[in-house]
Amino acid sequence: MTAPSTLSNAVAPASADAARVRRVPIALEDRSYDIHIGNGLLEDAASWSGLPKARCALIVSNDTVAPLYLETVAARLRPHYAQVLSVVLPDGEAYKGWDAIERIASTLLEAAADRKTVLFALGGGVIGDMTGFAAAIYMRGVPFVQIPTTLLAQVDSSVGGKTAINHALGKNMLGAFYQPLRVLADLDTLKTLPDRELSAGLAEVIKYGPIADAAFLDWLEAHMDALRARDPAALAHAVQRSCEIKAWVVGQDERESGLRAILNFGHTFGHAIETGLGYGEWLHGEAVGCGMVMASDLSVRLGLMPAAFLDRMRTLIERAGLPVTAPAGIGVERFMALMRVDKKAEDGEIRFVLIESLGRAVMRSAPDALVAEVIRQHSA
Ligand SMILES: NC(=O)c1ccc[n+]([C@@H]2O[C@H](COP(=O)([O-])OP(=O)(O)OC[C@H]3O[C@@H](n4cnc5c(N)ncnc54)[C@H](O)[C@@H]3O)[C@@H](O)[C@H]2O)c1
Ligand SMILES: O=C(O)C(=O)C[C@@H](O)[C@H](O)[C@H](O)COP(=O)(O)O
Ligand SMILES: [Zn+2]
């Protein structure tokens, strides 16, 4: 299915200062919410109004993001909550595990935080996934808000309610579908993001073109240099269009019974790279970028796409500053074994998200020998 090009859901600005705020709604019945995208959102009082009343709020962040933005957020929350707590976790994918969930739960219980307490995830996708999971299970569910501060989190992880922690044997293996109340994507926070992280976010942006919107793929090719130079208008469009496409997909298939799996393009290979190398060695976006090269090649080898598609994807992914060759260390056998525990696998058979025409993805299995050849072809 191709995403309609008329997905522009931006509504009238909600406050005087919000002329620059774009809002993308995500329609999920009683779990519907808005993604707010704009500059200066952390400072804007309108961002924080209309959230549920509670005695207590908890900001979850990490030791990189907290010194940059935690006090700004805490100051905005204090007029709304008598008690504003915070927990600052160690930074990194390697810490996306039970210890972090324990720290969040202990902070809440030591403060006798009740089930109305609102959690605020301030950081990238690691903080967002863990905070969402903690919110899903604390007292069987408390509300939470996503405040994504990486490009990857603004275009993908903060939207759609997938929350999780990692297991040593597989990425995001323990988690829950649990939607936030709101997403506040302040584009100004991207100004402090390292270049390597910007590139990682571009991988998930690129993903939306081949799976749902061929015209967006054209746009990305024309604007990749502007995106890497952090041109504000280009970044704002990339974040908005990515959120529109993700909201359109999740609105039809919240719990991934079908269509939502297209958001996993490049991830079957990519997650195996992340787990195989050890979490944090490659960034998630880097692994997804390389995984998309492999999935594009598999689409070509299965006769779904012409060879030029692989060249096009590899060129764009390289232009985004991402690696296109997996490290040699994992080995084909282990790579295949890691892919067999992918959440899309059925009866031990790996199922891949492949491209059948520009803007349309399908799920397919493939002969092991062909998949192994693809891995070898794109490994050092
Ligand atoms: N739930 C989903 O739908 C979904 C989608 C995509 C990815 N993910 C998950 O998201 C994670 C990756 O997220 P990520 O790429 O944001 O990584 P991340 O959360 O590790 O953040 C990347 C780095 O940037 C730092 N950082 C964050 N914001 C910053 C800022 N404004 N200025 C300076 N530094 C900043 C972080 O401290 C970290 O060092 C993975 O665990 C992945 O599995 C989840
Ligand atoms: O939202 C989704 O659905 C996605 O698949 C988005 C992905 O970018 C993201 O990395 C997600 O966490 C992967 O999901 P998983 O179910 O394969 O762990
Ligand atoms: Zn991803």
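**Exercise 1. Describe how α5 and α9 pack against each other, from the geometry of their axes to the residues in contact.**

Solution. Begin with the axes: those of α5 and α9 cross at roughly 40° and come within 7 Å. Since angles under 35 degrees count as roughly parallel and 65 to 115 as roughly perpendicular, the next step is to classify the pair, and the crossing angle makes α5 oblique to α9. The handedness follows as a separate property, α5 passing α9 in a left-handed crossing. Turning to the residues, α5 contributes Ser199, Ala200, Gly201, Ala203, Glu204, Ile206 and Lys207, while α9 contributes His284, Gly285, Glu286, Val288, Gly289 and Met292. Sorted by class, this contact of α5 with α9 holds five nonpolar, five polar and three charged residues. The model examined here, as in the exercises below, is a predicted one.

**Exercise 2. Carry out the analysis for α5 and α6, and state the orientation of α5 relative to α6.**

Solution. Helix α5 spans residues 195-212 and helix α6 spans residues 214-228, and the two pack at an angle of about 160° with their axes 8 Å apart. Because angles over 145 degrees count as roughly antiparallel, the orientation can be read from the angle, which makes α5 roughly antiparallel to α6. The crossing of α5 and α6 is left-handed. On the side of α5 the contact is made by Leu198, Leu202, Val205, Ile206, Tyr208, Gly209 and Pro210, and on the side of α6 by Ala214, Phe216, Leu217, Leu220, Leu227 and Arg228. The class count for this contact of α5 with α6 is 11 nonpolar, one polar and one charged.

**Exercise 3. Determine the handedness of the crossing of α2 and α3, and the classes of the residues in their contact.**

Solution. The axes of α2 (residues 98-110) and α3 come within 10 Å and cross at roughly 55°, and α2 and α3 are therefore oblique to each other. Their crossing is right-handed. In the contact, Ala100, Ile101, Ile104 and Ala105 of α2 meet Met130, Phe133 and Ala134 of α3. The residues of this contact of α2 with α3 comprise seven nonpolar, no polar and no charged.

**Exercise 4. Set out the domain division and characterise the side of domain 1 that touches domain 2.**

Solution. The protein is divided into domain 1, covering 16-192, and domain 2, covering 196-377. The C-alpha centres of the two domains are 25 Å apart, and 30 residues of domain 1 are in contact with 31 residues of domain 2. On the side of domain 1 that touches domain 2, at least two residues each come from β1 (22-26), β2 (33-38), α4 (151-157) and β8 (170-177). Of the elements there, α4 gives the most, with five residues. By class, that side of domain 1 has 17 nonpolar, eight polar and five charged residues.

**Exercise 5. Locate ligand 1 and ligand 2 relative to the two domains.**

Solution. Take ligand 2 first: the residues around ligand 2 are Asp156, Gly160, Lys162, Lys171, Asn172, Glu204, Glu256, Arg260, Leu263, Asn264, His267 and Lys343. Their classes are one nonpolar, four polar and seven charged. Because domain 1 and domain 2 both give residues to the shell around ligand 2, ligand 2 lies between them.

For ligand 1, the surrounding residues number 31, the closest being Thr64, Gly124, Gly125, Thr150 and Ser157. The elements that give two or more residues to this shell are α3 (125-137), α4, α5 and α9 (284-301). By class, the shell around ligand 1 divides into nine nonpolar, 14 polar and eight charged residues. As a last step, the domains are considered: the shell around ligand 1 draws at least three residues from each of domain 1 and domain 2.

Conventions:
Residues numbered from 1 in each chain as written. Chains lettered and ligands numbered in written order. Predicted model: local features only at pLDDT ≥ 70, side-chain atom pairs only at ≥ 80, totals over all residues. Domains from an automatic or database assignment. Contact = placed C-beta atoms within 7 Å. Helix = DSSP H or I, 4+ residues; strand = E, 2+ residues; numbered from the N terminus. Nonpolar A, V, L, I, M, F, W, Y, C, P; charged D, E, K, R; others polar. Axes fitted to C-alpha atoms, helices over the stretch in contact; angles between N-to-C directions. Left-handed = near helix turned anticlockwise from the far one by under 90°. Near = placed C-beta within 6 Å.
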